[in-house]
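Visitor: Please take me through one part of this model at close range. I would like to see the middle of the sheet and what surrounds it.

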Amino acid sequence: SMVERHLTLAGKRVLDVGCGDGGISIAFAKKGAIVTGIDSDVNRIERAKVWAREHGVTVDFQVEDGEQLRFSAESFDLILCNAVIEHVYDPQKLVEVISRLLKAGGFLFLDTPNKHSVIQLISDTHFGLFGISILPRSLAEFYVVRVRKKHNRYPVDELRTYGFLKKVC
């Protein structure tokens, strides 16, 4: 509904960067958008394809690296980048790729956890751990992987600030 305040979705070409299991892609397809969902995790893309079939919608799910997208310039009316930029090693490159793919007058929906949010400090959005967002990456990885055994790696490159996002976008 947030996006629909600015753009009618029916018939619009949408790219969901870092689509994961495809929930957002499927929701946009249900609204009539022509959706391509990309993620670097082949297992998540396979789950997304199954889920789309179960929901009776067509989404073009592809295994792709968000920093290496091979679509034609100005291909999309809307690009979604929901909780992705904090996982990217080179966010400036991701923004450049997105800018190339977005049609003139198109929309970018970019969402990321706020590094300085009190809520993020109390319980981070990735693992639900107190204080992880203020630790240096190496300590955060050690804590998540070795101490808490929540995951086999720490997939967050760096939580970004609003000022950083304004600068790169």
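Guide: Start with Leu15 and its bridge partner in β4, which is Ile79. This is a predicted model, so read every value as computed from predicted coordinates. The pair belongs to a parallel pairing: β1 and β4 are joined by 4 bridges. On to the next strand. Ile79 also stands opposite Leu108, a residue of β5. There the join between β4 and β5 counts 6 bridges, and these strands run parallel too.

How covered is β4? Of its 7 residues, 6 are buried, so the strand is mostly covered. Cys81 is a buried residue, with a relative accessible area of 0%.

Now look at the contacts of Ile79. Leaving out residues up to four places away in sequence, Ile79 touches Leu15 and Val17. The list also holds Ile98, Leu101 and Leu102. Phe107, Leu108 and Phe109 complete it.

Step back to the whole sheet. It is open and has 5 strands, in the order β3-β2-β1-β4-β5, with parallel pairing. The edge strands are β3 (60-63) and β5 (102-111). Each has a single partner strand, so one side of each has no neighbour in the sheet. From one strand to the next, the twist averages 20°.

On the other flank of β1 lies β2. Strand β1 covers residues 13-17 and β2 covers residues 34-39. The two run parallel and are joined by 5 bridges. Within this pairing, Asp16 stands opposite Gly37 of β2. Next comes a helix. Helix α3, residues 91-101, packs on the sheet. It touches β1, β4 (76-82) and β5. The direction of α3 makes about 140° with that of β5.

What does the largest nonpolar core hold? It has 19 residues. Leu15, Val17, Leu69, Phe71, Ile79, Leu94 and Leu101 have the most contacts inside it. So Leu15 and Ile79, the bridge partners of the opening, are both on that list. Four elements give two or more residues to this core: β1, β4, α3 and α6 (162-168). The most comes from α3, with 5 residues. A second core is separate and has 18 residues. Among them are Leu9, Ala48, Val57 and Phe61.

Back to Cys81 in search of a covalent link. Which cysteine sulfur is closest to that of Cys19? It is the sulfur of Cys81, 12 Å away and too far for a bond. A disulfide needs the two sulfur atoms within 2.5 Å, so this pair does not qualify. The disulfide count comes to 0. Cys19 is buried as well, at 8% relative accessibility.

Charged pairs are another matter. The count of salt bridges comes to 9. One of them joins the side chains of Asp21 and Arg47, at 3.2 Å from N to O. Asp21 sits in the loop between β1 and α1 (23-30), while Arg47 sits in helix α2, residues 42-55. The pair therefore ties together parts that are 26 residues apart in sequence. Both partners are partly exposed: Asp21 has 26% relative accessibility, and Arg47 has a relative accessible area of 44%.

Then turn to Arg160. Is this residue buried or exposed? Arg160 is buried, with a relative accessible area of 5%. Its side chain forms a salt bridge with Asp157, where the closest N and O atoms are 3.4 Å apart. Asp157 counts as partly exposed, at 23% relative accessibility. Arg160 also meets Glu158 in a salt bridge, at 3.3 Å from N to O. Glu158 is partly exposed, at 37% relative accessibility. As for Asp21 and Arg47, shared salt-bridge partners join them with Arg44 into one network.

To retrace the route, return to β4. Ile79 pairs with Leu15 and stands opposite Leu108 in β5. Helix α3 touches β4 and gives the most residues to the largest nonpolar core.

Note on methods: Residues numbered from 1 in each chain as written. Predicted model: local features only at pLDDT ≥ 70, side-chain atom pairs only at ≥ 80, totals over all residues. Heavy atoms only, no water. Axes fitted to C-alpha atoms, helices over the stretch in contact; angles between N-to-C directions. Contact = heavy atoms within 4.5 Å. Core = buried A, V, L, I, M, F, W, Y, C linked by side-chain atoms within 4.5 Å. Buried < 20%, exposed > 50% of the residue type's maximum accessible area, 1.4 Å probe, protein only. Salt bridge = Lys/Arg side-chain N within 4 Å of Asp/Glu carboxyl O.
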